[in-house]
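Trainee: Please take one part of this structure and describe it closely. I should like to know how that part is packed and what lies around it.

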Amino acid sequence: MLQNGGTVGKYAGIGLSTLISKNVLVEGHRTSMRLEPAMWEALGQIAARENLTVHQICGIVNRHRINTSLTSATRVFILGYFRILADNLERRPAASPDRSLIYKVFRQTEEFRNSPQQGRYAGSL
């Protein structure tokens, strides 16, 4: 059994979830999200890199999403963030002056860019 109710190992194949539920504060309201352990870890890495909390990151994602769940939008955000980071590592010198990638995700990730309200996520995976 993992923290917060997730499971792995021999129980994973019998219908028990490997997702971990955690509470986050979004715009002053507590809500829960269920993500894979790797997604929680990635979200923590993004927060540390951007000098923000996980709650603040979730608030930013929440302000940019539309017609989808916070959980789904967060997964797309995490994927987009690391895609852009990888692309930047391949194309630019390591000492790039623009360290923050948060808003680049919303500009460059197709699911956010092609939404009815520019820069807001309008679909789910």
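Mentor: What follows is an account of one helix, its partners and the residues around them.

The model is predicted, and for that reason local features need pLDDT of at least 70 and side-chain atom pairs count only at pLDDT 80 or more, whereas totals for chains, interfaces and linings use all residues. Residues are numbered from 1 along each chain as its sequence is written, and side-chain values use heavy atoms, with hydrogens and water left out.

I begin with the setting. The protein chain contains 5 helices and 2 strands, and from the N terminus on its elements run β-β-α-α-α-α-α. These elements are DSSP runs numbered from the N terminus, helices being H or I of at least four residues and strands E of at least two. Of the 125 residues in the protein chain, 38% are buried; here buried means under 20% relative accessible area, exposed over 50%, and partly exposed in between, with a 1.4 Å probe and protein chains only. Among the contacts of the protein chain with a separation of 6 or more, 51% join residues 24 or more positions apart, a contact being heavy atoms within 4.5 Å.

Confidence comes next. The mean pLDDT of the protein chain is 78, and 65% of its residues reach 70 or more; pLDDT is the predictor's confidence in each residue, from 0 to 100. Over residues 1-12 the pLDDT is below 50, although this stretch has 21 contacts in the model beyond near neighbours in sequence. Where pLDDT is low, the predicted coordinates should not be read in detail.

The part I have chosen is helix α2, residues 54-64. Two packed helices are described by the angle between their axes and the distance between the axes. Helix α2 packs with helix α1 (residues 37-49) at an angle of about 95°, their axes being 9 Å apart. Such axes are lines fitted to C-alpha atoms, for helices over the stretch in contact, and the angles run from 0 to 180 degrees between N-to-C directions. The two helices are therefore roughly perpendicular to each other; under 35 degrees counts as roughly parallel, over 145 as roughly antiparallel, 65 to 115 as roughly perpendicular and the rest as oblique. From α1, the contact uses Trp 40, Leu 43, Gly 44, Ile 46 and Ala 47, and from α2 it uses Val 54, Ile 57 and Cys 58. By class, these residues are 7 nonpolar, 1 polar and no charged. In this scheme Ala, Val, Leu, Ile, Met, Phe, Trp, Tyr, Cys and Pro count as nonpolar, Asp, Glu, Lys and Arg as charged, and the others, Gly among them, as polar.

Helix α2 also meets α3. Their axes come within 9 Å and cross at roughly 105°, which makes α2 roughly perpendicular to α3. Ile 57, Cys 58, Val 61 and Asn 62 of α2 take part in this contact, together with Leu 70, Ala 73, Thr 74 and Phe 77 of α3. The classes here are 6 nonpolar, 2 polar and no charged.

The loops on either side of α2 may be read together. Asn 51 is in the loop between α1 and α2, and Asn 67 is in the loop between α2 and α3. Phi of Asn 51 is near 55°, a positive value in a residue other than glycine, and Asn 67 likewise has a positive phi, of about 60°. Asn 51 is exposed at 70% relative accessible area, as is Asn 67 at 66%.

Residues of the strand region reach α2 as well. Val 26, in strand β1, is buried at 6% relative accessibility. Leaving aside neighbours within four places in sequence, its contacts are Thr 31, Cys 58, Gly 59, Asn 62 and Leu 70. Glu 27 belongs to the loop between β1 and β2 and is partly exposed at 44% relative accessibility. With the same neighbours left aside, Glu 27 touches Gly 59, Asn 62 and Arg 63.

Finally, the core. The largest nonpolar core has 23 residues, and Ile 57 and Val 61 are among those with the most contacts inside it. A nonpolar core is a set of buried Ala, Val, Leu, Ile, Met, Phe, Trp, Tyr and Cys residues joined through side-chain atoms within 4.5 Å. Elements giving two or more residues to this core include α2, while α3 gives the most, with 6 residues.
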